[in-house]
Amino acid sequence: MNINDIKRVAIIGAGVMGHGISQSYAQAGYEVSMMSRTQKTLDRSLKLMKSSLATLAEYGTIRESDIQAILDRVHPTTDLAEAVKDVQFVTEVVAEVPDVKHQIILQLDQYCPEDAIISSSTSGLDVFSIVADEMKMPERLVMAHWYAPPHIIPLVEVAPGPKTSSETKNLTAEILEKIGKVPVVMKKFAPGFVVNKIQHGFAPAMFSLIASDVVEIGEIDRAMKYVFGIRLPIVGIVQSMDFNGLDTVHNICKAAKFDVPLISQKVAEGHLGAATGKGVYDYQGRSEEEILKKRDMLYLKMFDFLKSINAFEPV
């Protein structure tokens, strides 16, 4: 199967994530089966989809005249077998309960056409272990983890399991790119994927600040917005080490008794980041002044833009 063979997709689960994922595929021109156990959930999802499409039209992302055609490409159903009968790609977003995932994925393995890819958008469960060796075709199971709101946030993390085929992994990334998403393809599944693992690292510090009552809660968010809100979109968290200096990062790691072989190797080679023209990233022969100028210009533009849309105020 190649990307042009995928004409129809199915989204199993129409809750918080399901309707937004369904909308994303419908906006890209795909026929979408959106399945939920209850008609009430489907009705709510269609109502929310119509509202979010109106918001996109108001912003200018889509034309108002296209809304009905997008909605017409979404086909709600309460019948799982019917939902996946003629599809080539499936995403399940049912409850984050192992028994529920187990049941749904094995049913999908039974009902889906043999060439259909089955993806799971679980945020933390290892579905590969949950279904173990029970699938008839485990090579077609992959994780494709979306972020809310899925019709706006571009990132989708793609993680293969021990038996996932290269074709499954590559086609999953390809269809996500085709609908305008940004797939980050992992070498293998790891709990928390990328973003949640890093995001969960913030939580203990945040809870500690709240519990110790050293600052007003709103000030925590303001602090994060005025630093990370400006820097993260430009340099992320890995490249930011190149601007701190990998020698400094190395010393911090040593003091914390935390060994990062990549950092140790870079420091041993004299690649300390922007100051030396190489670090975690290779700056292709540019001088430190050139590198810093590009970074700073982007920071200034980001800061001005965030101010212009009042992003530093609570939503």
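**The largest nonpolar core**

Begin by selecting Val9, Tyr25, Tyr30, Leu53, Trp146 and Ile175, which have the most contacts inside the largest nonpolar core of this predicted model. That core comprises 34 residues. Next, colour the elements that each supply at least two of its residues: the strands β1 (8-12), β2 (31-35), β6 (141-146) and β7 (155-160), together with the helices α1 (18-27), α2 (39-59), α3 (67-72) and α7 (166-178). Helix α2 makes the greatest contribution, with 5 residues.

Now centre the view on Tyr25. Beyond its neighbours within four places in sequence, Tyr25 is in contact with Val9, Ile11, Tyr30, Val32, Phe89, Thr91, Trp146, Ile175, Leu176 and Ile179. A second core, of 25 residues, lies apart from the largest one. To locate this second core, select Met35, Leu108, Phe128 and Phe189, which are among its members.

**A nonpolar patch on the surface**

Turn to the surface and select Val184, Val194, Ile198, Phe202, Met224, Leu232, Ile237, Val238 and Tyr281. Together these residues form a nonpolar patch with about 670 Å² of accessible area. Showing the helices α8 (195-212) and α9 (217-235) will help with orientation, as each supplies at least two residues of the patch.

Within the patch, pick out Met224, which is found in helix α9. Is Met224 buried, partly exposed or exposed? Its relative accessibility is 32%, and since values between 20% and 50% fall in the intermediate class, Met224 counts as partly exposed.

**Backbone features**

The remaining stops concern the backbone. Most peptide bonds are trans, and most residues other than glycine have a negative phi.

Select Ala148 and Pro149, which are joined by a cis peptide bond with an omega of about -10 degrees. Pro149 belongs to the loop between β6 and β7, two strands that each supply at least two residues of the largest core.

Proceed to Phe193, in the loop between β8 (182-185) and α8. Although Phe193 is not a glycine, its phi is positive, at about 55 degrees. Phe193 counts as buried because its relative accessibility is 3%, and the limit for that class is under 20%.

Finish at Gln284, in the loop between α12 (261-268) and α13 (288-308). Gln284 also is not a glycine and has a positive phi of about 55 degrees. Which class of accessibility applies to Gln284? With a relative accessible area of 64%, Gln284 is exposed, whereas Phe193 is buried.

Technical notes: Residues are numbered from 1 along each chain as its sequence is written. This is a predicted model: local features need pLDDT of at least 70, side-chain atom pairs count only at pLDDT 80 or more; totals for chains, interfaces and linings use all residues. Side-chain values use heavy atoms; hydrogens and water are left out. A nonpolar core is a set of buried Ala, Val, Leu, Ile, Met, Phe, Trp, Tyr and Cys residues joined through side-chain atoms within 4.5 Å. Buried means under 20% relative accessible area, exposed over 50%, partly exposed in between (1.4 Å probe, protein chains only). Helices (H or I, at least four residues) and strands (E, at least two) are DSSP runs, numbered from the N terminus. Contact means heavy atoms within 4.5 Å. Patches are made of residues with over 30% relative accessible area and no salt bridge: like charges are joined within 9 Å, nonpolar side chains (Val, Leu, Ile, Met, Phe, Trp, Tyr) within 5 Å. Accessible areas come from the Shrake-Rupley method with a 1.4 Å probe; for residues, only the protein chains shown count as cover. A salt bridge is a side-chain nitrogen of Lys or Arg within 4 Å of a carboxyl oxygen of Asp or Glu.
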